[in-house]
Amino acid sequence: MISKLKYLTKISLKRKINTKWFVIANAIFAVIIIGLLNMDSIISFFGGDFDQTQIVYVQDNTNRTYDILTIQNDTYKNLTDEDNAFKLKKTEKSSEEIFKDKKNKDAWYLSIDNDSENYIKATLTSEGYINTSSYAGISTIINDTKTVIAMEDSNISPEELSKISSPIDLERKILDEDKKTEDENVQMIMSTVFPILILPFFALTMFLVQMVGAEINDEKTTRGMEIIISNVPPKIHLFSKVIASNLFVFLEAALLVIYAIIGFVIRMLIGANIQTGDFDISSILDMILKSDVASNLTYIIPLTIILMILTFIAYAILAGILASMTTNTEDFQQMQMPIVIISLIGYYLAMMAGLFDGSIFIKVLSFVPFISAILAPSLLILGQIGIFEIVIAIVLLIITIWLLIKFGMRIYKVGILNYSSKDLWKKMFKALKG
Amino acid sequence: MLKVDNITKYYGDFLAVDHLSFEVKSGEIFGLLGVNGAGKTTTFRMIVGLLKPSSGTVTLDGHSIDYSITDKIGFLTEERSLLTKMTVKEQCVYYGILKGMKEKEVSRELDRLLTKFKIQNYKDKKIKELSKGNQQKIQFITAIINNPKLLILDEPFSGLDPFNVEMFKNEIKELAEKGSIIIFSTHRMEHVELFCKKLVVLKNGQTVLSGNLKDIKQKYRKKNIEVVGDIDENKIKQIDGVISVNLNNLTYQIKIADESVANKVFEVVSNGKNITKFSVEEPSLNEIFIETVGETYDK
């Protein structure tokens, strides 16, 4: 019977891989992943302007602000590591004259005047909208310039001015023992990196459910099921689907990782080191490696993988049981909706995990099978739960799988040979009783 | 030998099959008949091990039907049981391996059968691209590819033209000659008469007729008399025990209540002119079926 299980698994896997949609979908995934990882280079190739210095023409009607403004601009560049932040150019021309020249259509025009109450007042003119971070940047520089002017007018020495201007060394002390290892970068990781990792998990879960269901449904509606089940036990049949779908998901996950590696290799080969607006891949990687999360990856990754594999198995068994109860594809589409909703709840809870710091309700939800695979690791990274809680989630998942096999198999055995939707739930509850 | 011993099957409170028993030896072709919903499919499913009887046993050569012996069984279902997205070869290899065969073995046997059924060109075609008749041939091939010890054929001639029906008949006879136990169900009574020595007729799960076809016909009291010549039809109709008199193609079909009426009919026919035929015939299985089940088979 083991050889039949192997064969059924092989055929099931082959039926998933030997399809046009698999090739097309993977071609699209490869293009998207490699493209996203090299988005900055692609935008540059097509003449993108995010990496270009923002030119700001400055009309200084105060005759002393421009020099201070330039110094503050340099300080801002050093503080933010943004080499290309702003390029200031002094001008005597009016804004109309500047914007007449088509070369200056992306430039800004800053007019500075004396102000009796606020030392200086400034007007910023541009052809189009200015993005929020750039506006914040230029505002910071102008405000700092105003501070310097105010200090100069108050006869504060440059040394004192330097002391006033230098940032305060803010030492961090965390009293909560559990959170001593947590650093502020974790919040950043949760908001940027984690969604990227859990989105494929969510997508793969949906793939898996759809595949198991569609295949069982196909065999059932074509009546091929009667021939198959007359030669192999229902348990072997379901296990072959579970194994094949999980192998498929691992293969797809491995392919996604390979596409990402190719993307990084291409990135290194073309020497891309350009910031893509507010999203800089290199700095995010640096951030992860410098954070305390990196040192905890040795147990976070294995535990997450175990949870994910067990969750995939549980989802596959559940999808198989539900598919066995359906008599056509439309029925299965409806039947899989609860699975999709459960998975979505897990996805959103994991995304918003940081917002519920300390919530016992969220901690309890992280134990719940089917959603624990994405919620529990996110709480672990945030330091809201420990390894012990993850082990509880794993044990609960194993118990769920055991229950699904023990009781779900009773439904499966009856369901796969049932072709009538009449009294369906009555039949299934009866089957469940054994 | 296949032994179905007193099997009963309940679906909840519904009695699908009630104390059914029969035996089929190697080389025999057995007919399992009944109108739709009589319990044939449930019986087939119990024989191949898909369903467990509520009581009673099914054994093949003394062994209960379980997954250790299902490799010896071939099953052709009434509805198409083919995975239509597969090619003919993929489908046959798939079912062949599930019956415990090696892939090479399946390929060799498949080539032989495809040639025999004159569809060797369809080997790499997808099932869904084939005509209904050719799909039925593939389904038949998947049922016999493992040279089954027990072959169950539920409506094997469905969708076939007369030429292919003959081809199937020959193959079924050949399999029986090789020693296979064959159980089959069909709407065509002439096929049952042609193939089956033994049969069972089910009605609402109950056995209403069972045994050797010859014995059944002999035991059946009503007979038919065929007469060719000029006879007094009204006089015959007046004989006590004559059920009906019909004239078809110059032949009178006289239905009588039992064999003893034949003498009275013969006396009247003797007074007729140009009598060239007088024969007492066994009733057809179709007549017996309709009489026993109380409705037409196709209903």
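# Exercises on a two-chain predicted model

In chain A, the residues A:S372, A:A376 and A:L380 of helix 16 meet A:E389, A:I390, A:A393 and A:L397 of helix 17. Here, "meet" means a contact, with C-beta atoms, placed from the backbone, within 7 Å. Helices (H or I, at least four residues) and strands (E, at least two) are DSSP runs, numbered from the N terminus.

This is a predicted model, where local features need pLDDT of at least 70, side-chain atom pairs count only at pLDDT 80 or more, and totals for chains, interfaces and linings use all residues. Residues are numbered from 1 along each chain as its sequence is written, with chains lettered from A and ligands numbered from 1 in the order in which they are written.

## Exercise 1: a helix pair in chain A

Work out how helix 16 and helix 17 of chain A are set against each other.

**Solution.**
- Start with the geometry: helix 16 (residues 372-382) and helix 17 (residues 387-415) of chain A pack at about 170 degrees, and their axes are 10 Å apart. Axes are lines fitted to C-alpha atoms, for helices over the stretch in contact, and angles run from 0 to 180 degrees between N-to-C directions.
- That makes helix 16 of chain A roughly antiparallel to helix 17 of chain A, a label for angles over 145 degrees.
- Now sort the contact between helix 16 and helix 17 of chain A by class: five nonpolar residues, one polar and one charged. Ala, Val, Leu, Ile, Met, Phe, Trp, Tyr, Cys and Pro count as nonpolar, Asp, Glu, Lys and Arg as charged, and the others, Gly among them, as polar.

## Exercise 2: the sheet of chain A

Find the strand order of the four-strand open sheet in chain A, then see what packs on it.

**Solution.**
- The order is 2-1-3-4, and the pairing is mixed; strands pair if DSSP finds at least two bridges between them.
- Strand 2 (86-90) and strand 4 (119-126) of chain A are the edges, each with a single partner strand, so one side of each has no neighbour in the sheet.
- Neighbouring strands of this sheet are turned by 25 degrees against each other on average, ignoring direction.
- Strand 1 (residues 54-60) of chain A pairs with strand 2 of chain A in the parallel sense, over five bridges. For one bridge, look at A:I55, whose partner in strand 2 is A:K87.
- Helix 4 (residues 65-80) of chain A packs on the sheet, touching strands 1, 2, 3 (108-115) and 4, with its direction at about 165 degrees to that of strand 2.
- Helix 6 (residues 132-153) of chain A lies across strands 1, 2 and 4, at about 160 degrees to strand 4.

## Exercise 3: B:V4 and its hairpin

Place B:V4 in its strand, and decide whether B:V4 is buried or exposed.

**Solution.**
- B:V4 sits in strand 1 of chain B.
- Strand 1 (residues 2-11) and strand 2 (residues 14-24) of chain B run antiparallel, joined by seven bridges. B:V4 has B:F22 as its bridge partner in strand 2.
- The two strands of chain B make a hairpin with two residues between them, and B:G12 in the turn has a positive phi of about 65 degrees.
- Leaving out residues up to four places away in sequence, B:V4 touches B:L20, B:S21, B:F22, B:I47 and B:V58.
- With 23 C-beta neighbours inside 10 Å, B:V4 counts as buried. The cut-offs within 10 Å are 20 or more other C-beta atoms, placed from the backbone, for buried, 12 or fewer for exposed, and in between for partly exposed.
- Over chain B, 39% of the 299 residues count as buried.

## Exercise 4: the six-strand sheet of chain B

Which strands of chain B stand at the edges of its six-strand open sheet?

**Solution.**
- Write down the order, 6-7-8-3-9-10, with mixed pairing.
- The edges are strand 6 (73-76) and strand 10 (206-212) of chain B, each with a single partner strand.
- From one strand to the next, the twist averages 15 degrees.
- Strand 6 pairs with strand 7 (residues 150-154) of chain B in the parallel sense over four bridges, and B:G74 stands opposite B:L151 in strand 7.
- Helix 4 (residues 132-144) of chain B lies across strands 6 and 7, at about 165 degrees to strand 6.

## Exercise 5: where the chains touch

Describe the side of chain A that touches chain B.

**Solution.**
- Count first: 18 residues come from chain A and 19 residues from chain B.
- The chain A elements giving two or more residues are helix 1 (2-17), helix 8 (185-221) and helix 9 (224-229). Helix 9 of chain A gives the largest share, five residues.
- By class, the chain A side has nine nonpolar, four polar and five charged residues.

Conventions
Two residues are in contact if their C-beta atoms, placed from the backbone, lie within 7 Å. Angles under 35 degrees count as roughly parallel, over 145 as roughly antiparallel, 65 to 115 as roughly perpendicular and the rest as oblique.
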